Amino acid sequence: MDLRIPRIAIVGANGYGLHHRHNIEPKRRAGALELVGLCDTAEIVESPDIPVGDTPVFDDYQRLLEATDPHIVIIATPPPTHLPIASAAMRHGADVYLEKPPVASLDEYELLYDVMVETGRAVQVGFQALGSHAFNALREAMEIGRLGTLEAVGVAGSWQRPDSYYRRSPWAGKREANGTLIADGALANPFAHASQEALAIAGDWPLDGEIELERLRCREGIEVDDTAVWRGVNKGGVSVTVAVTLCGERKLEGDIYVRGTEGEAWFEYPTDRLRLPGEDEPKQYGRTDLLDNLMLHRQRGVGLISGLRRAKTFTRVLERVLNDPVPRLVDEAHLKRVGDDPVTLLDGADAAVEAAARSGKLFSELSLPWG
Ligand SMILES: NC(=O)c1ccc[n+]([C@@H]2O[C@H](COP(=O)([O-])OP(=O)(O)OC[C@H]3O[C@@H](n4cnc5c(N)ncnc54)[C@H](O)[C@@H]3O)[C@@H](O)[C@H]2O)c1
């Protein structure tokens with residue numbers, strides 16, 4: 001138990017770090033935490049709702065650690081920097097809120113896990129959808145048998161991204177950067193949550209055997225998937241299929257179909273809406289913030305919702321995706337470009353990811369003209 005007010009530092013204060021700065025501002029004002037330092041290699045972005053004020057600013061995380069002695073370090077830097085920064089923070093005595101994906105390979109996972117065990121610190125991974133109360137309600141319904149025996153979990157996500165998305169950072173849309181695999185594609189980045197959520201709902205078991213993977217790209221200028229599906233069976237015998245696109249005409253936020261022998265549940269993971277078997281309408285649930293959960297873990301020993309161990313199977317999936325070659329380019333005949341900052345649309349991609357998630361089929365098994 002550590003009842004001190006947590007001293008929090010952020011490494012990677014721009015980009016997604018801005019989200020963390022917004023998230024902690026009301027907690028800071030309420031006196032629930034102290035913001036002791038911000039670190040970024042670039043100039044820190046100012047915003048009226050989250051003024052830097054007299055918060056110490058650093059461009060080197062080692063100096064931040066030495067000067068501020070934080071209790072918790074939030075790390076929202078690009079993935080290849082996660083292992084060294086998180087290791088240094090834990091060796092300095094801090095717990096870590098590490099953005100997803102925590103690391104890029106099982107080797108890196110083992111190194112980070114060892115530092116966590118050796119230092120006795122906590123690592124919360126930024127898979128924020130795991131904090132959903134809909135997730136807990138679904139697990140409870142499964143535990144009391146409302147779905148029967150769990151057979152399959154499928155996720156469908158269909159979003160759009162304009163050309164400017166692939167200019168947002170030097171690693172956007174790249175397979176590797178500075179010799180490190182990064183694979184900034186739909187599966188590895190925006191839909192990382194879809195895979196982690198499916199693996200957790202399927203029981204947090206490791207996958208048994210091969211991961212089947214089909215990745216496609218609809219833009220010449222990128223080296224990664226914008227449309228992809230993977231499938232695997234876990235050691236609990238549950239089939240997991242994740243099918244996503246950034247080229248869908250119709251938006252699917254992230255629909256998870258959870259099929260058991262007695263019924264099917266539907267869970268929209270980004271919005272915390274859940275429909276259990278026998279219900280006509282989905283119910284809206286709330287969410288526990290993962291930083292609050294980490295603070296309660298320190299203060300009162302509450303279990304971590306998204307501890308590093310839980311991300312191990314996800315890391316195996318990510319490693320498979322990252323090591324895959326540059327995906328096949330879809331024939332232009334199936335593509336449309338729309339808007340001033342154009343999005344690329346792939347014919348029927350939304351219906352295809354939905355069908356894959358519901359049936360547990362890969363694109364190549366769905367008789368698609370581009371599959
Ligand atoms: N949880 C989510 O839903 C979610 C959403 C978006 C991004 N992310 C994750 O957040 C992380 C950051 O993503 P991003 O899109 O903001 O990336 P980004 O490339 O914009 O980098 C974020 C910031 O880190 C800084 N930075 C880079 N190397 C640094 C270093 N060594 N020390 C200090 N600062 C450094 C950059 O200057 C930048 O300001 C990634 O892991 C990403 O996957 C998570």
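The largest nonpolar core of this predicted model has 109 residues. Within that core, Ile 75, Ala 86, Val 96 and Ala 198 have the most contacts. Domain 1 (7-121) and domain 2 (133-285 + 307-365) both contribute residues to the core, so it lies between them. Val 96 illustrates how such a residue is surrounded: leaving aside residues up to four places away in sequence, Val 96 touches Val 73, Ile 75, Ala 86, Ala 89, Met 90, Arg 121 and Val 123.

The division into two domains can be considered next. The domain assignment gives domain 1 as residues 7-121 and domain 2 as residues 133-285 together with 307-365. Their C-alpha centres are 28 Å apart. The contact between the two draws 14 residues from domain 1 and 15 residues from domain 2. On the side of domain 1 that touches domain 2, the residues divide by class into 12 nonpolar, 1 polar and 1 charged.

Two open sheets may now be followed in turn. One of them has 6 strands in the order 3-2-1-4-5-6, with parallel pairing. Strand 3 (57-58) and strand 6 (123-125) stand at its edges; each has a single partner strand, so one side of each is left without a neighbour in the sheet. Strand 1 (residues 7-11) has 4 of its 5 residues buried, so this strand is largely enclosed by the rest of the structure. Strand 1 runs parallel to strand 2 (residues 34-39), and 5 bridges join them; in this pairing, Arg 7 has Glu 34 of strand 2 as its bridge partner. Strand 4 and strand 5 also pair in the parallel sense, over 4 bridges, and Ile 74 has Tyr 97 of strand 5 as its bridge partner.

The other open sheet is formed by 9 strands in the order 16-15-14-13-7-12-11-10-17, and its pairing is mixed. Its edge strands are strand 16 (283-284) and strand 17 (328-329), each of which pairs on one side only. An antiparallel pair within this order is that of strand 10 (residues 207-217) and strand 11 (residues 227-234), which are joined by 7 bridges. There, Leu 207 has Asn 234 of strand 11 as its bridge partner. As a general matter, the strands of a sheet pair through backbone hydrogen bonds, either parallel or antiparallel.

Helix 6 (residues 192-201) is mostly covered, with 10 of its 10 residues buried. The buried residues include Ala 192, His 193, Glu 197 and Ile 201. Ala 198, one of the residues with the most contacts inside the largest nonpolar core, is also buried in this helix. The cover over the buried residues of helix 6 includes helix 5 (133-143), strand 7 (150-160), strand 12 (239-245), strand 13 (247-260) and helix 8 (312-323). After helix 6 comes Gly 203, which has a positive phi, near 115 degrees.

The surroundings of the ligand are described by 22 residues, of which Gly 12, Asn 14, Gly 15, Tyr 16 and Glu 99 come nearest. By class, this shell consists of 8 nonpolar, 11 polar and 3 charged residues.

Several loops contain backbone features that deserve separate mention. Most residues other than glycine have a negative phi, and most peptide bonds are trans. The peptide bond from Lys 100 to Pro 101, however, is cis, with omega near -15 degrees. Pro 101 is placed in the loop between strand 5 (95-98) and helix 4 (106-119).

Asp 69 has a positive phi, near 45 degrees, although it is a residue other than glycine. Asp 69 is found in the loop between helix 2 (61-68) and strand 4 (72-75). Because it has 14 C-beta neighbours inside 10 Å, Asp 69 counts as partly exposed. Asn 178, likewise a residue other than glycine, has a positive phi near 50 degrees. Asn 178 is placed in the loop between strand 8 (176-177) and strand 9 (180-181). With 9 other C-beta atoms within 10 Å, Asn 178 is exposed.

How values were computed
Residues numbered from 1 in each chain as written. Predicted model: local features only at pLDDT ≥ 70, side-chain atom pairs only at ≥ 80, totals over all residues. Near = placed C-beta within 6 Å. Nonpolar A, V, L, I, M, F, W, Y, C, P; charged D, E, K, R; others polar. Core = buried A, V, L, I, M, F, W, Y, C linked by C-beta atoms within 7 Å. Buried ≥ 20, exposed ≤ 12 C-beta atoms within 10 Å, placed from the backbone. Domains from an automatic or database assignment. Contact = placed C-beta atoms within 7 Å. Pairing = 2+ DSSP bridges.
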